[in-house]
Amino acid sequence: MAETISGLKRTHYCAQPRTSDIGCEVILFGWAQRQRDLGSLIFIDLRDRTGLIQLAFSEGSGQEAYQKAFTVRSEYVLAAKGIVRRRETPNPRLATGEIEVVVSELRILAKAETPPFEIVADSVVKEELRLRYRYLDLRRPDMQRNFAMRHRIVGVAHDYFDKNGFLEIETPVLIKSTPEGARDYLVPSRMRAGGFYALPQSPQLYKQLLMLSGFDRYMQIARCFRDEDLRADRQPEFTQIDLEMSFVESDDVMSINEGFVSAVFKEALGIEIPTPLPRMPYAQAMALYGSDKPDMRFDMKIHDLTDIASRSGFRVFSAAAQAGGGVQAINAKGAFAALSRRELDKLTEAAKQYGVKGLAWSRLDRENGSSSFAKFLTEEELAAIYGRLDARDGDVVLIVADENRDTALQALGALRLSAARTLGLIQEDVFSFLWVTDFPLFEYSSEEGRFLAKHHPFTAPLDEDVEKLETDKAGCRAKAYDLVLNGVEVGGGSIRINDPELQRRMFTALGFSQEDAQERFGFLLDAFRYGAPPHGGMAYGLDRLVMLMLGCDSIREVIAFPKVQNASELMTGCPGRVDPKQLDELHICLINE
C-alpha cells in the first residue's frame, strides 16, 4: 500500500539546493530517475520539473530508509527527508552536482511499472509511442523546459500588454458559424433542435465589437479551432495572443508589437531584437524571394529573366515569357561541389510538386561545367543571363519557367529554401524578423470560381485602392501586415473596415447578396450604425512562436496534448463514438455508409 505525505511539507524543488544549504534539512518530492546499489551505499537520482538531485542512503544514516531505497525502481514516486552535504565526486553536468542529500526518511508514495521508454532528454523514441504515453513523455526534462518557456512567454505577454494599457477580456467559445475560409468545428445545440454553434477560428468579430464598446485596447490568450489538414506547424486547436486597438493606423499596431517582440526575446531568452523591424511589401517579397514569408537569414535573391527569355530561341523559356508568365532564376554562389547532378535531380522533382514542368540548371566550371539548357541558347543570351545573376565559375544557376508567373516564383522560392539547407546557409541560432505589408485584399479560388478574402472580409483596403473593389479585385491591396520570423509567419493582422457602407461593398465584392450578408454578419453591420472607431489589431500563433524561440522542429513539442495527422489524439483515442442516447438528445441521426 502506498505511503502518504502526511506530516511532510516540501522545502525545495529538486534542483534548488546548493552548497549554501550544506548542513540544512530538506524535504523533497519527485520521481526516481534511476537507482544505483553499491552494496553499503545506495544512490537514487530524484527528478522533478526543475531537475535532478542525488539522494544517498547508507545503513548508518537510516536502516529503514536504506531498506526502502533497495526496493525503488525507475519512476517510483518518492518523498525524501534528509541533510544536504557536499558530494565526494561532483557532477559538473548537474546544477546540484556539488551536493547530495543524506536521507533519513524515505516514503514510497506510488510504485511504477517499467515505462515503455526511458524518461530522458532528447529521446530517440518514435513520436507515435511518445504521444500514446504523452503523460510519460511530458516528464522528460526537455519537454518540461519547453513548457516552462511557454509559461514565461505568456507571462511576458500579460505584463507587456498590461503596462501598455490593454485590458484582458474573454470572448465566447460557442459562437455563430460564419463560414468564410477554413472549416468551422460545429457543436450541436440540445436546447434548439437543428441549431449549431461553431468553435471560434479566432475572436475576430468579438474583438471588433469590443472596440465599438469603447474598450480601446483589448488582449486575450485565446483558444481557437480550425478544421483543416494538419502540418508540422498546425493543429486543429491552438492558442493565439490576440489583441485589438482603437484610433490607430498600421504603423501604430506594428510599433506596439515590435515592443512586445523585443520584450519577449529579452526577458525569455536574453536576446536583444533591434527595432524598428524591417518592412517589405508583399509584391517585393514575392518577386525577390518567391514567398510572402521569406527567410531572411540568407541572401540568394530571385532574378527576373523574363525579358531576356522572351527573345530566346529556347522554346521552354520564350513560350513562358510570351504567354505572360515568368522566367525566374537564383544563383547558388559557390555551390558547384554541393549541388551535384544527383542533388539537382532532387531539386527538379521538388520543383514539379509546385506545378512547374521542371528545372533548368547550369553548373559553372571551365573544365567540368554542365548545363541542361546552355546548348539551346546563343553565347549572347547566356552572357546576358549569367551577367544579370553575377554568375561565375563555382556557382550553380537554377531557372524556372512557367506560363503563370506566380507559379514560377513560388516554385523557385521553395527551391531557394531547399538549396540553402543543402548548402548549410541557414544560421539556426539567428532570429530574423520581417514585416510583410500591403497584401492583396483578395485571392482567386479556382475551386470556387470566385475571389475570396485573402485574410478575412473585415480587412480594410488601402485608401488608394478602394475604388478597385468593383473593378480590379486582383490589383486591390489591403491594410494588412504579417510578422515573419525565420521564414515562418508568427503573427498577422490588419486595419479593419469601420464604415458600414464600405463593409457592405466588401461583402458584395465577395459575392454575398445583401440577404446573405445580413444573415451572416447583420449584428456587425448593425453595430457599425452606432459609431465604430478606426481600429486594427493582430494575433500571434503562440504555439508557433514558442516553437521557433526554442528551435523545435514540430509544433507538437510545445503543445501538451497535441493531435496527429488525422486530427486524433493517440493517448485518449479521441475522437470516439458516443452513446446513442446522447445523439438522440442532440437531435442527430448518423447515416451508416
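# Exercises on strands, sheets and loops

In this predicted model, two bridges join strand β3 (residues 51-58) to β5, and the two strands run parallel. The exercises start from that strand β5.

## Exercise 1. The surroundings of β5

Task: Find how β5 pairs with β3 and with β4, and state how many of the residues of β5 are buried.

Solution.
- Step 1. On the β3 side, the pairing is parallel, over two bridges. A56 stands opposite V102 in β5.
- Step 2. Strand β4 (residues 77-86) pairs with β5 in the antiparallel sense, and this pairing has ten bridges. V77 stands opposite A110 in β5.
- Step 3. Strand β5 covers residues 99-110, and nine of its twelve residues are buried, so the strand is mostly covered.

## Exercise 2. A sheet of eight strands

Task: Give the strand order of the open sheet of eight strands, and say which strands stand at its edges.

Solution.
- Step 1. The order is β6-β9-β10-β22-β21-β20-β17-β11, and the pairing is mixed.
- Step 2. The edges are β6 (167-168) and β11 (279-281). Each has a single partner strand, so one side of each is left without a neighbour in the sheet.
- Step 3. Inside the order, β10 (residues 237-246) and β22 (residues 535-541) run antiparallel and are joined by seven bridges. M245 has G536 in β22 as its bridge partner.
- Step 4. Helix α4 (residues 141-163) lies across β6, β9 (217-225) and β10, and runs at about 150 degrees to β9.

## Exercise 3. A sheet of five strands

Task: Describe the open sheet of five strands, and name helices that pack on it or lie across its strands.

Solution.
- Step 1. The strands come in the order β12-β13-β16-β14-β15, with antiparallel pairing. Strands β12 (303-304) and β15 (370-371) are the edge strands, each paired on one side only.
- Step 2. Four bridges hold the antiparallel pairing of β14 (residues 360-363) with β16 (residues 396-402). For S362, the bridge partner in β16 is V397.
- Step 3. Helix α9 (residues 315-322) packs on this sheet and touches β13 (326-332), β14 and β16. The direction of α9 makes about 50 degrees with that of β16.
- Step 4. Helix α12 (residues 405-423) lies across β13 and β16, at about 10 degrees to β13.

## Exercise 4. Residue S370

Task: Is S370 buried, partly exposed or exposed, and which residues does S370 contact beyond its neighbours within four places in sequence?

Solution.
- Step 1. S370 belongs to strand β15.
- Step 2. The relative accessibility of S370 is 25%, so S370 counts as partly exposed. The cut-offs in use are under 20% for buried and over 50% for exposed.
- Step 3. Beyond the neighbours within four places in sequence, S370 is in contact with W361, S362 and R363.
- Step 4. S370 and V396 are 26 residues apart in sequence, and their C-alpha atoms are 9.7 Å apart in space.

## Exercise 5. Cysteines

Task: State how many disulfides the whole structure has, and describe the setting of C574.

Solution.
- Step 1. The search of the whole structure gives zero disulfides.
- Step 2. C574 is in no disulfide, and its nearest cysteine sulfur, that of C224, is 18 Å away. A disulfide would need the two sulfur atoms within 2.5 Å.
- Step 3. C574 has 28% relative accessibility and so counts as partly exposed. C552, with a relative accessible area of 18%, is buried.

## Exercise 6. Unusual backbone points

Task: Locate the cis peptide bonds before P276 and P575, and the positive phi values of D390 and A567.

Solution.
- Step 1. The bond from T275 to P276 is cis, with omega near 0 degrees. P276 is in the loop between α6 (250-269) and β11.
- Step 2. C574 and P575 are also joined by a cis bond, with omega about 0 degrees. The loop that holds P575 lies between α16 (542-550) and α17 (580-585).
- Step 3. D390 is not a glycine, yet has a positive phi of about 50 degrees. D390 is in the loop between α11 (379-389) and β16, and is partly exposed at 37%.
- Step 4. A567, not a glycine either, has a positive phi of about 65 degrees. A567 is in the loop between α16 and α17, and is partly exposed at 23%.

## Exercise 7. The cavity

Task: Which residues line the largest cavity?

Solution.
- Step 1. The count is one cavity of 30 Å³ or more, and the largest holds about 30 Å³ of space.
- Step 2. The lining consists of L131, R134, F561, P562, E569 and M571.

Terms used
Residues numbered from 1 in each chain as written. Predicted model: local features only at pLDDT ≥ 70, side-chain atom pairs only at ≥ 80, totals over all residues. Heavy atoms only, no water. Buried < 20%, exposed > 50% of the residue type's maximum accessible area, 1.4 Å probe, protein only. Pairing = 2+ DSSP bridges. Contact = heavy atoms within 4.5 Å. Axes fitted to C-alpha atoms, helices over the stretch in contact; angles between N-to-C directions. 1 Å grid on protein atoms, 1.4 Å probe; cavity = no way out; pocket = protein on both sides within 12 Å on 5 of 7 lines; lining within 4 Å. Points joined across faces, edges and corners; volume = space filled by probe spheres on them.
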